Amino acid sequence: MGFTTIRSETREGVATITLARPDRLNALTSVMHGELSAALDAAEADEAVRCVVLTGEGRAFSAGQDLTEERPIGPDGKPDAGGRLERLYNPLVERLYAFPKVTIAALNGPTVGASANIALACDILFAARSAYLQQAFARIGLVPDAGGTWSLPRIVGAKRALALMLTADQIPAEELERMGLVYKVFDDATFRDEVASYARRFASGPALAYRLIKEAARVSEANDLKTQLALEANLQRKAGASEDAREGVMAFREKRAPRYKGR
Ligand code: T3D
């Protein structure tokens with residue numbers, strides 16, 4: 001697609017989007033945001049794509065906003081960091097939370113600033129053992145953004161989230177796994193293969209059920225038990241009527257692997 005700051009390739013139902021400015025630790029620029037958005041458009045539209053993997057080239061996942069890029073100027077004539085969030089980061093984070101296919105953030109190395117919170121907007125995070133995550137904002141006099149102040153307390157609890165944000169400490173991969181921010185840590189040498197194996201599993205899985213599971217998880221934060229139970233019944237009605245659900249049960253009875261079609 002003629003991208004200059006990312007790479008996007010699709011294989012076996014998996015679209016892998018790689019942030020590709022390794023000499024800048026894949027720091028995010030406006031151009032990169034535009035390309036990322038176009039790559040997500042393509043992955044969403046392509047029926048053959050069932051899973052999206054977001055990762056980084058070289059030794060980092062991404063070092064957050066490119067700090068050499070000028071901030072937009074606000075109506076008062078002053079640099080407006082919030083304007084950039086409203087224009088670029090907030091739509092990306094909302095889009096990832098609502099993305100209709102399974103999304104994986106593959107943290108191959110340092111995952112810093114806004115990029116950490118973009119990763120947290122993906123469904124599942126895997127990390128290479130050498131990776132770390134850092135809410136670096138306070139180190140440069142900024143406030144965590146890209147949804148970090150929303151997602152972190154929900155994942156790790158209020159006090160721990162506050163400590164991560166105030167200290168801006170680099171948290172090693174194994175601790176991220178213990179805190180529940182990362183699902184699994186793999187050795188650096190096998191990291192890409194392990195992530196690819198999970199991605200292929202999702203790509204051949206029941207896509208409709210995955211979409212409904214994501215919907216249930218996404219809205220559960222705001223629902224009480226009664227509302228969530230009613231939602232589950234509705235979603236199960238849809239899933240249960242799908243070809244995939246029929247195939248899943250048939251495959252179980254016939255003692256063979258299911259062949260899901262995503263409908
Ligand atoms: O508009 C707004 O600003 C609001 C939006 C804010 C969103 C945010 O994401 S704020 C947070 C921004 N990110 C950071 O504060 C992290 C900055 N980077 C670092 O602190 C360090 O680079 C790391 C801790 C991530 C890694 O350290 P290290 O020692 O492994 O690598 P390094 O040598 O610092 O970095 C390698 C190169 O990448 C280096 O360039 P050089 O010296 O080789 O020419 C470095 O300047 C460059 N680089 C790293 N991070 C960024 C960057 N260049 C531009 N922007 C970066 N964020």
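Mentor: Quick bit of vocabulary first: a helix here is a DSSP run of H or I with at least four residues, and helices are numbered from the N terminus. Also keep in mind that this is a predicted model.

Trainee: Got it. By how much of the helix are Tyr198 and Phe202 separated?

Mentor: Both sit in helix H7, which spans residues 191-203. They are 4 residues apart there, so the separation is about one helical turn.

Trainee: What kind of aromatic pair do Tyr198 and Phe202 form?

Mentor: A pair of aromatic rings is described by the distance of the centres and the angle of the planes. For Tyr198 and Phe202, the centres are 6.4 Å apart and the planes make 35°. Planes under 30 degrees apart would be stacked and over 60 edge-to-face, so what remains is called tilted. The pair of Tyr198 and Phe202 is therefore tilted.

Trainee: And are Tyr198 and Phe202 buried or exposed?

Mentor: To be called buried, a residue needs under 20% relative accessible area. Tyr198 and Phe202 are both in that class: buried.

Trainee: Which residues form one aromatic cluster?

Mentor: You've already met two of the members, Tyr198 and Phe202. The full cluster is Phe126, Tyr183, Phe186, Tyr198, Phe202 and Tyr210.

Trainee: How far is the charged end of Lys184 from the centre of the ring of Tyr183?

Mentor: Tyr183 is one of the cluster residues. The charged end of Lys184 sits over the ring of Tyr183, and its distance from the ring centre is 5.0 Å.

Trainee: Why do the rings of Tyr97 and Trp150 count as a pair of their kind, and what is that kind called?

Mentor: The structure holds 8 aromatic pairs, by the way. In the case of Tyr97 and Trp150, the ring centres are 5.5 Å apart and the planes stand at 85°. An angle over 60 degrees decides the class, so this pair is edge-to-face.

Trainee: How many residues apart are Tyr97 and Trp150?

Mentor: Tyr97 belongs to helix H2, while Trp150 belongs to helix H4, residues 148-156. The pair links distant parts of the chain, with a separation of 53 residues.

Trainee: What is the relative accessibility of Trp150?

Mentor: Its partner Tyr97 has 24% and counts as partly exposed. Trp150 is also partly exposed, at 40%.

Trainee: Let's turn to the ligand. Which residues come nearest to the ligand?

Mentor: There are 22 residues around the ligand, and they divide into 10 nonpolar, 5 polar and 7 charged. The ones that come nearest are Arg24, Ala63, Gln65, Leu67 and Arg84.

Trainee: How far is a polar side-chain atom of Arg84 from an oxygen atom of the ligand?

Mentor: For Arg59, a polar side-chain atom lies 2.9 Å from a ligand oxygen, and a polar backbone atom of Ala114 is also 2.9 Å from an oxygen of the ligand. For the polar side-chain atom of Arg84, the distance is 2.7 Å.

Trainee: How much of the accessible area that the ligand has on its own does the protein cover?

Mentor: On its own, the ligand has 1000 Å² of accessible area. The share covered by the protein is 70%.

Trainee: Last one: which class, buried or exposed, does Ala168 count in?

Mentor: Most residues other than glycine have a negative phi. Ala168, in the loop between helix H5 and strand E8, has a positive phi of about 55°. Its relative accessibility is 3%, so Ala168 counts as buried.

Note on methods
Residues are numbered from 1 along each chain as its sequence is written. This is a predicted model: local features need pLDDT of at least 70, side-chain atom pairs count only at pLDDT 80 or more; totals for chains, interfaces and linings use all residues. Side-chain values use heavy atoms; hydrogens and water are left out. A residue is near a molecule or strand if one of its heavy atoms lies within 4 Å of it. A polar contact is a pair of N or O atoms within 3.5 Å; within protein, one must be able to donate a hydrogen and the other to accept it, and residues adjacent in sequence count only if both atoms are side-chain atoms. Accessible areas come from the Shrake-Rupley method with a 1.4 Å probe; for residues, only the protein chains shown count as cover. Ala, Val, Leu, Ile, Met, Phe, Trp, Tyr, Cys and Pro count as nonpolar, Asp, Glu, Lys and Arg as charged, and the others, Gly among them, as polar. Rings of Phe, Tyr and Trp (its six-membered ring) pair if their centres lie within 6.5 Å; planes under 30 degrees apart count as stacked, over 60 as edge-to-face and the rest as tilted. Helices (H or I, at least four residues) and strands (E, at least two) are DSSP runs, numbered from the N terminus. Buried means under 20% relative accessible area, exposed over 50%, partly exposed in between (1.4 Å probe, protein chains only). A charge sits over a ring if NZ of Lys or CZ of Arg is within 6 Å of the ring centre and within 35 degrees of the ring normal.
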